[in-house]
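Biologist: Got a minute to go through this one with me? I'd like to bounce some quick questions off you.

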Amino acid sequence: MHAKDKNQSRRAFLKTSVVGTGGLMLSFNWLSAQTDTWEGKEVRALENVRLSGHIIINADNSVVIYSQNPEIGQNVKTSMPMIIAEELDVDWNQVSVEQADLDTEKFKRQVAGGSQSIRKSWPVLRKAGATVRALLISAAAEQWGVSAIELRTETGYVIGKSGEKLSYGSLAEAAAKQKIPKKVSLKKAKDFSLIGKSVMNVASREIVTGTAKFGIDTQREGMVYARLLHAPGFGQKLVSFDAKQALQIKGVTEVFEIDNKVAIIADSTWTAIKGGEAIKTIWSKPLTSEDSKVQRKTLLDMVNAKGQNAKVNMGNVEQGFKKADQVLERTYEAPFLPHNCMEPMNFFADVTDEKVELYGPIQTPENQRRAVAKLLKRSEDEISLGISRIGGGFGRRLNGDFVLEAALISNKIRKPVQLIYTREDDMTAGVYRPAVTYKFKAGLTDGKISAYDLSGAGINMRNTVRPGTWPQASVPNFKLESQSLESHVTFGYWRAPTSNFLAFAEQTFVDELAEIAKKDPIQFRLESLKQAIDAPFGKVRYEPLRMIGVLKLVAEKSNWETKKKGLYRGVSAYYSHNTYVAEVVEITIVGGQPKIERVVVATDCGIVVNASGAHNQAMGAVVDGIGHAMYGEMPLENGVPQHRNFDTYKALRNSEAPKVETHFVKSQKAPSGLGEPTLPPAAAAFANAMYAATRKRLYSQPFSEQGVVLQ
Amino acid sequence: MDLQVNGKKYTIDIDPQTPILWVLRDHLKLVGTKYGCGIGQCGACTIHFNGTAVRSCSIPVAAAANVAITTIEGLSEKGDHPVQKAWVDLDVPQCGYCQAGQIMTASALLSQNNKPTEEEIKLGMSGNICRCSTYTKINKAVKQASENL
Ligand code: FES
Ligand code: FES
């Protein structure tokens with residue numbers, strides 16, 4: 001966002017322009033609204049505003065809605081426009097959706113990350129739709145010479161008292177000349193006709209016919225392909241390279257060093273790949289310290305020694321342990337994880353004297369434009385950034401390393417460049433979910449947690465713990481500590497950062513505590529949550545009631561109370577991304593190994609915007625969580641990643657994917673995150689079911705390393 | 001050399017060792033077929049070779065002479081192959097990147113076995129990785145398509 005925007009923020013804006021044949025583009029700037037005043041009330045119209053969305057209403061009554069955030073498979077290209085369409089009151093069949101480019105004048109927070117797209121844009125998108133609707137009504141009122149209060153709208157039409165109607169398309173031009181109302185009415189949740197329905201992915205047709213264009217599909221006039229060879233191990237420096245052979249390959253045009261990597265420029269992807277293989281490189285000595293076995297031991301020493309770095313320290317945990325009836329201490333370990341987005345990293349850049357054009361799959365376009373401006377010493381105004389369809393994000397594409405690389409290469413050779421990572425380049429390039437180790441210690445008094453001490457240590461992790469989440473506020477003596485081990489291995493946010501493993505550790509630990517307390521694991525959690533409501537220790541920064549809600553829902557839907565012979569269940573509940581999730585995994589044992597019969601998921605994410613999209617997210621994240629807990633790991637030997645491709649890196653396959661049943665708490669609360677929060681609890685629910693079946697606990701991932709084979 | 005893709009003839013001058021995947025994508029501009037691993041492990045690049053599903057990343061273009069190649073762009077004229085219809089109907093895709101390969105595998109599977117059991121579907125589809133984990137939806141869609149063949 002530019003500073004100058006602030007000065008304009010006192011005014012309300014409506015920029016209009018006639019597009020095409022009589023179409024009208026309405027472009028708004030506004031401030032995000034307060035979330036608590038939306039429900040069925042009048043909210044202030046779009047004034048004091050700073051960001052904007054695009055609605056085009058064409059003369060034929062079709063509507064184009066620009067989707068502002070990157071689409072990485074989380075379905076925002078469908079669900080965000082649905083919110084606008086709901087308040088605009090148009091038939092979804094009238095609507096087509098376009099991906100917006102990065103535009104900080106019109107939009108705010110064009111980011112795919114933290115499961116925040118819907119949560120953050122909910123009030124803004126609703127206002128956008130409602131304001132345009134109000135303008136259309138006002139235009140009709142003017143035309144009919146009646147008061148706007150007498151008019152209503154219905155799926156793309158303004159309707160008068162005696163049933164006369166005008167299409168939005170016919171009113172669009174006049175609407176643009178109306179004064180923006182000070183206040184607009186938002187619908188009551190009970191009146192929603194689109195929100196909450198199952199709406200298919202707006203890109204489905206393009207995807208199934210192969211016409212959807214991902215970043216990697218970018219092809220431009222005069223474009224060359226680039227591949228980069230990076231160091232085999234973290235921390236190694238390029239000493240020299242020999243490109244003689246590579247340059248003999250027809251189509252390989254240039255080879256040069258750039259930022260401790262070797263760039264190969266070629267006329268096609270394949271020649272760039274071949275060129276890379278033909279280059280001989282010499283790198284500095286590998287670093288023995290960057291070794292998974294060494295690091296694992298160091299992390300263990302760190303959590304055992306404890307740091308001074310307490311994030312939370314309430315009561316007195318040591319006293320608490322002394323007084324407790326029982327004390328349990330457990331350690332949990334997680335390895336590095338690559339993201340392995342199905343579409344390998346790639347980006348297009350065209351740097352000329354006049355401008356810089358960037359295009360491709362990125363979750364954080366605004367940050368990258370800023371970074372490229374700094375890197376190339378160009379003004380941001382000269383840089384455009386288009387967002388392509390994205391073949392998976394999972395956090396990997398929050399990091400724009402490949403955007404900068406593409407820009408650097410194009411800047412050097414002054415040609416349009418498509419940078420492409422091979423799968424091997426992608427998998428070994430780092431930006432991994434950091435390896436992390438947790439040590440939990442808890443004391444039980446009268447069957448309740450009376451002291452709780454968690455110490456985490458992660459590689460390049462600024463914080464390994466999550467203050468403010470359960471069981472904080474339900475335990476009198478409570479401490480969280482976090483330490484970081486410095487390393488050359490690059491850090492990356494990975495779907496549900498921190499939570500993705502912390503939830504596993506915490507929720508399997510709690511399962512053990514419940515067992516020691518001789519309580520049903522759901523009951524044990526419910527009692528603790530009740531404590532946080534009735535007599536909390538300190539401030540409660542989550543909503544225990546909503547957590548209770550999902551636990552009860554999952555118990556009901558999984559028939560938790562009814563035992564079935566040969567069927568083993570495990571439960572887990574976790575709060576992340578402002579969303580509450582409880583899951584039950586049911587397994588049977590086949591030939592001594594687990595077969596997942598069903599996963600039942602209960603989620604409270606407030607209002608569900610798109611039922612089908614929500615199911616897909618919840619289901620996908622659960623399977624993702626179980627798949628990575630089972631197989632995911634990237635071991636390093638002397639800094640060198642030990643997997644390079646899917647031949648040795650095991651990904652969960654179709655035949656192993658469990659059935660996932662999703663249930664959502666009926667809610668009128670504003671929507672919260674959904675792309676991530678069902679992932680964290682999944683592995684623990686599975687491990688707890690494994691314990692129910694085998695009496696063996698799992699303390700580290702991947703489970704396959706401990707002999708677990710999915711049936 | 002001559003190639004026949006989606007019923008069209010193409011003549012190209014290219015290193016015969018180039019994998020068909022890159023010929024399709026970079027030279028014929030048929031980018032619906034995707035690159036995922038390049039070593040036959042993920043299925044993103046699946047196309048039909050005389051109706052049989054193959055991994056285009058692992059077959060040199062030299063092997064494609066006199067073969068009728070079908071890619072996702074040519075699976076049906078109007079995008080209305082029962083598999084494509086089921087995919088849209090059941091809202092299968094998430095990021096969508098793997099789905100061309102999934103659909104090409106599924107359609108070849110159904111042309112060989114038009115009433116596959118649940119187990120046969122799972123097994124038949126297990127060579128295709130979906131990083132977004134759309135697997136159970138995929139299986140439902142294959143089943144639905146088999147009923148509408
Ligand atoms: S790209 Fe061919 S199987 Fe993965
Ligand atoms: S839909 Fe994203 S990889 Fe399959």
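Biologist: Which ring does the charged end of A:Lys650 sit over?

Modeller: The ring of A:Tyr631, with the charge 4.1 Å from the ring centre. Keep in mind that this is a predicted model. There's another lysine to look at too: A:Lys165 lies over the face of A:Tyr157, at 4.5 Å from the centre of that ring.

Biologist: OK, and rings with rings? How many aromatic pairs are there over all chains?

Modeller: The structure holds 19 of them, counted over all chains. Take A:Phe214 and B:Tyr97: their ring centres are 5.2 Å apart and the planes stand at 90°, so that pair is edge-to-face.

Biologist: Where do A:Phe214 and B:Tyr97 lie?

Modeller: A:Phe214 is in the chain A loop between helix 5 (204–209) and strand 11 (224–229), and B:Tyr97 is in the chain B loop between helix 2 (82–89) and helix 3 (99–112), so the pair joins two chains.

Biologist: And is A:Phe214 buried or exposed?

Modeller: Buried, and B:Tyr97 is buried as well.

Biologist: Got one within chain A? What about A:Tyr332 and A:Phe504, how far apart are their ring centres?

Modeller: Those centres are 6.2 Å apart with the planes at 90°, so this pair is edge-to-face. A:Tyr332 sits in strand 17 (residues 326–334) and A:Phe504 in helix 13 (residues 499–516), both of chain A, so the pair ties together parts that are 172 residues apart in sequence. Both A:Tyr332 and A:Phe504 are buried.

Biologist: Which residues do ring pairs link into a cluster with those two?

Modeller: Besides A:Tyr332 and A:Phe504, the cluster takes in A:Tyr438, A:Phe440, A:Tyr452, A:Phe478, A:Phe501, A:Phe509, A:Phe686, A:Tyr699 and A:Phe703.

Biologist: Switching to the interface. How many residues does the contact take from each of chain A and chain B?

Modeller: 59 residues from chain A and 49 from chain B. Between them the two chains bury about 4,500 Å², and carbon and sulfur atoms carry 56% of that.

Biologist: Which three residues of chain A supply more of its buried area than any other three?

Modeller: A:Val208, A:Met342 and A:Asn654, which supply 18% of the area that chain A buries against chain B.

Biologist: How many salt bridges across the interface of chain A and chain B?

Modeller: Four. In one salt bridge, the side chain of B:Arg131 meets that of A:Asp624, at 3.0 Å from N to O.

Biologist: What does A:Val623 touch, leaving out residues up to four places away in sequence?

Modeller: A:Leu652, A:Ala657, A:Pro658, A:Val660 and, over in chain B, B:Ser133. A:Val623 is in helix 16 (residues 611–631) of chain A, and it's buried, with a relative accessible area of 2%. Its C-alpha is 9.2 Å from that of A:Val599, which is 24 residues away in sequence.

Biologist: Now chain B by itself. How is it divided into domains?

Modeller: Domain 1 covers 2–72 and domain 2 covers 82–147. Their C-alpha centres lie 21 Å apart. In the contact, 17 residues of domain 1 of chain B meet 14 residues of domain 2.

Biologist: What area is buried between domain 1 and domain 2 of chain B?

Modeller: About 1,100 Å², with carbon and sulfur atoms giving 57%. The salt bridge count between these two domains is zero.

Biologist: Last topic, backbone oddities. Which residues does a cis peptide bond join?

Modeller: A:Trp470 and A:Pro471 are joined by one, with omega about 5°. A:Pro471 is in the loop between strand 23 (448–459) and strand 24 (477–485) of chain A. Another cis bond joins A:Gln701 and A:Pro702, with omega about 0°. A:Pro702 lies in the segment after helix 17 (680–694) of chain A.

Biologist: Why would you flag those at all?

Modeller: Because most peptide bonds are trans. Most residues other than glycine also have a negative phi.

Biologist: So what's the phi of A:Asn75?

Modeller: Positive, about 80°, although A:Asn75 is not a glycine. It's in the chain A loop between strand 5 (63–67) and helix 2 (76–88), and it is buried at 7% relative accessible area. A:Asn260 has a positive phi too, near 60°. A:Asn260 lies in the loop between strand 13 (252–258) and strand 14 (261–266) of chain A, and at 24% relative accessibility it counts as partly exposed.

How values were computed
Residues numbered from 1 in each chain as written. Chains lettered and ligands numbered in written order. Predicted model: local features only at pLDDT ≥ 70, side-chain atom pairs only at ≥ 80, totals over all residues. Heavy atoms only, no water. Phe/Tyr/Trp six-rings, centres within 6.5 Å; stacked < 30°, edge-to-face > 60°. Helix = DSSP H or I, 4+ residues; strand = E, 2+ residues; numbered from the N terminus. Buried < 20%, exposed > 50% of the residue type's maximum accessible area, 1.4 Å probe, protein only. Lys NZ or Arg CZ within 6 Å of the ring centre and 35° of its normal. Domains from an automatic or database assignment. Contact = heavy atoms within 4.5 Å. Buried area = accessible area lost by both parts, 1.4 Å probe.
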